[in-house]
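Trainee: I would like a close look at a single part of this model, the open sheet and what is packed around it. Please take me through it in one go.

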Amino acid sequence: MASSTKYIFITGGVTSSLGKGIIAASLAKLLQSRGFSVTIQKFDPYLNIDPGTLNPYEHGECYVTEDGAETDLDLGHYERFLNSSTSQDNNVTTGRIYNNVITKERKGEYLGKTVQVIPHITDEIKRNFFKLGEDGKYDVVITEIGGCVGDIESLPFIEAVRQAKWDIGSNNSLVIHLTLIPYLAAAKELKTKPTQHSVKQLLEAGIQPDILVCRTEYHLPQEVKKKLALFCNVQLNCVIEAMDAETIYDVPLLMKKEKLDERVMAKLKLSSKSNTDLEQWKDFLGRLKNPTQEVTIGLVGKYVSLPDAYKSIIEAFIHAGAASECKVHLKLISSEELHPETVAKKLEELDGIVVAPGFGERGLEGKIETVKYARENNIPFFGICLGMQVAVIEFARNVLGHEKANSTEMDPETPFPFIALMEEQKNLEQMGGTMRLGSYPCELKRGSKSAIAYGKLKIQERHRHRYEFNNQYLSEIEEAGMIAAGINPETKLVEIVEIKNHPWFVGAQFHPEYKSTVLNPHPLFVKFITATIDNKKIK
């Protein structure tokens, strides 16, 4: 454990989904802007080994890192805010902790001892707390503890935080507790009692929070802050107000105004390496809030009733829109509602169309109708992962005339398997972590829309899929006007398809949205937006 690294633990109380991830990312951004090297990790209290097999309705999207880890969507926020990559070590679940301990026990590493939650599980949690700080690469490691204080699942994590604070001593760690201050409309009062109870639960577990961050819809009057400070044993200037913001990207500036970074630095005895540099961030916010034009983009998928299922795509459009000073109105459309007779009515108002990633057969035909509509009506189209595969199937059916063309994922007996399993995938039994995951190289065709967007011919992009374009149909599809604009140099697998005579028709087998950040909007999203703006002018 590197003694110079400081550790910040963020816990949550009263309710879940208060935005611990956004507060963690905002604090990290502020510390980074002062010259510190910062990383963030998320500890999730559920028993899945990773979120890879979780239904998006349960947990939102599954975010994939460069090294191929399937992780919680909060890691997407960390990368978008910090503009730096996370890894397998940045997301740890209870399942992984228990799996590690049980594996060690089976190997006899505990020498016949009784294996217990304390010390064995808590030791394993602490080992993971400190892992990222060991090589001295980071000045500060921020750890977000998922769930709510008081949940049965999070007890071992809270105990591990208590021990960790004790192990590394004062000035080397602090705990930020995020709570909710509800407003009772009938009484016209902000209520502090839930926060008092939440802090009391933390105190019962042996942890005194150093800073309270209070989510609220209304400004906290000074007397409310004083009451919180008194009953929660927290200094008055460490009761931080976190008002609902217009956009999550406002939160770093709001936290700066509340002096969250200054309080943290004072408590950790960190002296600032430089003045805060948030000029690029403010520039981004200026463009985001003062658009000069607007477009309406349809996002067609099957999980549209939970927008978190497409979190990275939605954020990538915010970044790309700001880059073009364009307000992107994203309309989420269920692919199950799209049929040949309804598709024109549902899509006619759109300036551009995205077909989202996904797995399984549900909603597939609606996606195929969507691609056909975009292709035939010259509407800028962007297909991501399954969206790219659907574009290929639609082209095979309606341009090449192979009516039964399909993916073997949807129809194992299809006579025209334009999308099929890679050979090495065919004998796999387990679902978890068995896909092509993480970063792979891709070489772009000179002069293609993708090469122009990227401004280079060699790229690296992140993947999360099992099925691939079937190369035995490559020459047939290229002769008819759909080109393979991006190829994996090692496996020769098709990564990008494009249609030449179209305002903008691009399908990517990878997930470009994972790499889009505030300071580096993804080139494919940026170019898609500019193509949509240009095409709208012609219309």
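Mentor: What follows goes through the sheet, then the helices across it, then the pocket and a few remaining places. The model is a predicted one, and every value below is computed from it.

The sheet is open and has seven strands, in the order 5-2-6-1-7-10-11, with parallel pairing. Its edges are strand 5 (91–93) and strand 11 (239–243). Each of these two has a single partner strand, so one side of each is left without a neighbour in the sheet. From one strand to the next, the twist averages 20°.

Take strand 10 as the place to look closely. Strand 10 covers residues 211–216, and five of its six residues are buried, so the strand is mostly covered, where buried means under 20% relative accessible area. On one flank, strand 7 and strand 10 run parallel and are joined by five bridges. Within that pairing, Ile 211 of strand 10 stands opposite Ile 176. Strand 10 also pairs with strand 11, again in the parallel sense and over five bridges. Here Val 213 stands opposite Ile 240 of strand 11, and Thr 216 has Met 243 of strand 11 as its bridge partner.

Two helices lie across these strands. Helix 7 (residues 193–204) lies across strand 1, strand 7 and strand 10, and runs at about 145° to strand 7. Helix 1 (residues 20–33) lies across strand 1 (6–12), strand 2 (38–44), strand 6 (140–145), strand 7 (173–180), strand 10 and strand 11. The angle between helix 1 and strand 6 is about 170°.

Helix 1 includes Ser 33. Ser 33 has a relative accessible area of 8% and is therefore buried, the cut-off being under 20%. Outside its neighbours within four places in sequence, Ser 33 is in contact with Ser 274, Asn 275, Thr 276, Asp 277 and Leu 278. Leu 82 is 49 residues from Ser 33 along the chain, and their C-alpha atoms are separated by 9.4 Å.

Helix 1 and strand 11 also take part in the largest pocket, each supplying at least two residues of its lining. The same holds for strand 2, helix 2 (56–59), helix 3 (74–82) and helix 9 (251–257). This pocket holds about 970 Å³ of space. It is lined by 40 residues, and the closest to its centre are Ser 17, Leu 18, Gly 19, Lys 20 and Asp 74.

Enclosed space is a separate matter. The structure has three cavities of 30 Å³ or more, and the largest of them has a volume of about 60 Å³. Its lining consists of Gly 358, Phe 359, Cys 385, Leu 386, Gln 389, Glu 409, His 465, Arg 466 and Tyr 467.

One more helix is worth adding. Helix 6 (residues 155–168) has 14 residues and reaches 20 Å from its first C-alpha to its last, close to the 20 Å expected at 1.5 Å a residue. Its buried residues include Phe 157, Ile 158, Val 161 and Ile 168, and Glu 159 and Gln 163 are also among the buried ones. After helix 6 comes Gly 169, with a positive phi near 80°.

Note on methods
Residues numbered from 1 in each chain as written. Predicted model: local features only at pLDDT ≥ 70, side-chain atom pairs only at ≥ 80, totals over all residues. Heavy atoms only, no water. Helix = DSSP H or I, 4+ residues; strand = E, 2+ residues; numbered from the N terminus. Expected span 1.5 Å × (residues − 1). Buried < 20%, exposed > 50% of the residue type's maximum accessible area, 1.4 Å probe, protein only. Pairing = 2+ DSSP bridges. Axes fitted to C-alpha atoms, helices over the stretch in contact; angles between N-to-C directions. Contact = heavy atoms within 4.5 Å. 1 Å grid on protein atoms, 1.4 Å probe; cavity = no way out; pocket = protein on both sides within 12 Å on 5 of 7 lines; lining within 4 Å. Points joined across faces, edges and corners; volume = space filled by probe spheres on them.
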